[in-house]
Amino acid sequence: MGAEAAYVPLIIGAVAAAAGGAVTYEQARKQNAAVKTSARLAREAAAYQTKQVGKAASLEQQKNRARAQQVIGRLRVAAAESGLSEDGSFLSLINQADYDATMNSKIIEENRNAQVARVSSGLTADLTSLTSRLQDPILSAFSGGLSGAQTGISIGRSISATPTVPDTTQTVSYSTMYPQ
């Protein structure tokens with residue numbers, strides 16, 4: 001029993017190392033898969049948000065052009081009804097309406113660019129956070145294997161150090177105990 005007992009901690013350590021390595025490898029693989037899925041979903045959400053921002057800005061541009069055309073149209077009608085030409089004060093008002101529409105258009109575009117930049121910045125932050133959670137499965141397996149080996153060897157040593165109990169299953173006759 002002496003020589004075999006020396007191998008018990010090593011055998012238990014090897015089994016525990018293999019189990020620990022396998023478990024941590026699988027955990028790292030699943031963690032990486034979850035991170036990749038989250039990154040893909042974050043990219044899709046950012047693309048959708050960017051598309052929605054573009055659509056909203058386009059709609060605002062259309063409304064802006066329509067309002068400007070209405071104002072200019074009213075000014076032309078007012079000039080015609082008054083019997084005046086579109087020069088002079090009416091021309092100044094038409095030019096001002098056109099200038100206002102151009103400025104509003106630039107503001108709408110700047111707002112769109114700022115919103116797209118905010119979406120892009122949020123995506124970058126999300127991807128950076130997700131990337132930091134990626135794990136190297138091989139390194140994780142090695143670390144788990146070392147931890148498992150250490151635990152297994154400790155368990156094996158405690159088993160080897162346990163004193164043996166004498167065999168009490170043998171029957172002893174009365175004559176062997178008390179010879180005559």
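**Exercise 1. Salt bridges along the helices**

In this predicted model, the structure holds 4 salt bridges. Take the pairs of Glu26 with Arg29, Arg40 with Glu44 and Glu109 with Arg112, and work out how far apart the partners of each pair lie, both in space and along their helix.

*Solution.* Step 1 looks at the distances between the charged atoms. The closest N and O atoms are 2.5 Å apart in the salt bridge of Glu26 with Arg29, 3.1 Å apart in that of Arg40 with Glu44, and 2.9 Å apart in that of Glu109 with Arg112. Each of these values can be set against the criterion of a side-chain nitrogen of Lys or Arg within 4 Å of a carboxyl oxygen of Asp or Glu.

Step 2 turns to the helices. Glu26 and Arg29 are 3 residues apart in helix H1, and therefore about one helical turn separates them. Arg40 and Glu44, also in helix H1, are 4 residues apart, which again means a separation of about one helical turn. In helix H2, Glu109 and Arg112 are 3 residues apart, so that about one helical turn lies between them.

Step 3 considers accessibility. Glu26 counts as partly exposed because its relative accessibility is 28%, and Arg29 counts as partly exposed at 40%. Arg40, at 41%, and Glu44, at 44%, are likewise partly exposed, as are Glu109 at 31% and Arg112 at 24%.

**Exercise 2. The overall helical layout**

Describe the secondary structure of the protein, and state what part of its residues is buried and how its contacts are spread along the sequence.

*Solution.* Step 1 is to list the elements: the protein has 4 helices and 0 strands, and reading along the sequence gives the pattern α-α-α-α.

Step 2 is to consider burial and surface. Of the 180 residues, 19% count as buried, while the accessible surface comes to about 13,000 Å², with 60% of it belonging to carbon and sulfur atoms.

Step 3 is to consider the contacts. Among those with a separation of 6 or more, 85% are accounted for by residues 24 or more positions apart.

**Exercise 3. Nonpolar residues inside and outside**

Identify the residues of the largest nonpolar core and the helices that supply them, and then describe a nonpolar patch on the surface.

*Solution.* Step 1 names the core: Val35, Ala39, Ala42, Ala46, Val119, Leu123, Leu127 and Leu130 make up the largest one, 8 residues in all. H1 and H2 each supply at least two residues of this core. A second, separate core has 6 residues, including Leu75, Ala79, Ile94 and Ala97.

Step 2 examines one member of the largest core. When neighbours within four places in sequence are left aside, Val119 is in contact with Ala46, Gln49 and Thr50.

Step 3 moves to the surface, where Tyr7, Leu10, Ile11 and Val15 form a nonpolar patch with about 440 Å² of accessible area together. Within this patch, Val15 lies in helix H1, which spans residues 2-82, and it counts as exposed because its relative accessibility is 56%, the cut-off for this class being over 50%.

**Exercise 4. Polar residues at long sequence separation**

Trace the surroundings of Asn32, Gln135 and Ser140, and then compare the setting of Ser105.

*Solution.* Step 1 begins with Asn32, which is found in helix H1 and is buried, because its relative accessible area is 10%. Not counting residues up to four places away in sequence, Asn32 touches Arg133, Leu134, Gln135 and Pro137.

Step 2 follows one of these partners. Gln135 has its place in the loop between H2 and H3 and is partly exposed, with a relative accessible area of 36%. Although Gln135 and Asn32 are 103 residues apart along the chain, their C-alpha atoms are separated by 6.5 Å. With residues up to four places away not counted, Gln135 touches Ala28, Gln31, Asn32 and Ser140.

Step 3 continues to Ser140 in helix H3, residues 137-161, which counts as buried because its relative accessibility is 16%. Beyond its neighbours within four places in sequence, Ser140 is in contact with Thr24, Ala28 and Gln135.

Step 4 turns to Ser105, which lies in helix H2, residues 89-131, and counts as partly exposed at 24% relative accessibility. Leaving aside neighbours within four places in sequence, Ser105 is in contact with Gln61 and Asn64, and its C-alpha atom is separated by 9.9 Å from that of Lys63, 42 residues apart along the chain.

Conventions: Residues are numbered from 1 along each chain as its sequence is written. This is a predicted model: local features need pLDDT of at least 70, side-chain atom pairs count only at pLDDT 80 or more; totals for chains, interfaces and linings use all residues. Side-chain values use heavy atoms; hydrogens and water are left out. Patches are made of residues with over 30% relative accessible area and no salt bridge: like charges are joined within 9 Å, nonpolar side chains (Val, Leu, Ile, Met, Phe, Trp, Tyr) within 5 Å. Accessible areas come from the Shrake-Rupley method with a 1.4 Å probe; for residues, only the protein chains shown count as cover. Buried means under 20% relative accessible area, exposed over 50%, partly exposed in between (1.4 Å probe, protein chains only). Contact means heavy atoms within 4.5 Å. A nonpolar core is a set of buried Ala, Val, Leu, Ile, Met, Phe, Trp, Tyr and Cys residues joined through side-chain atoms within 4.5 Å.
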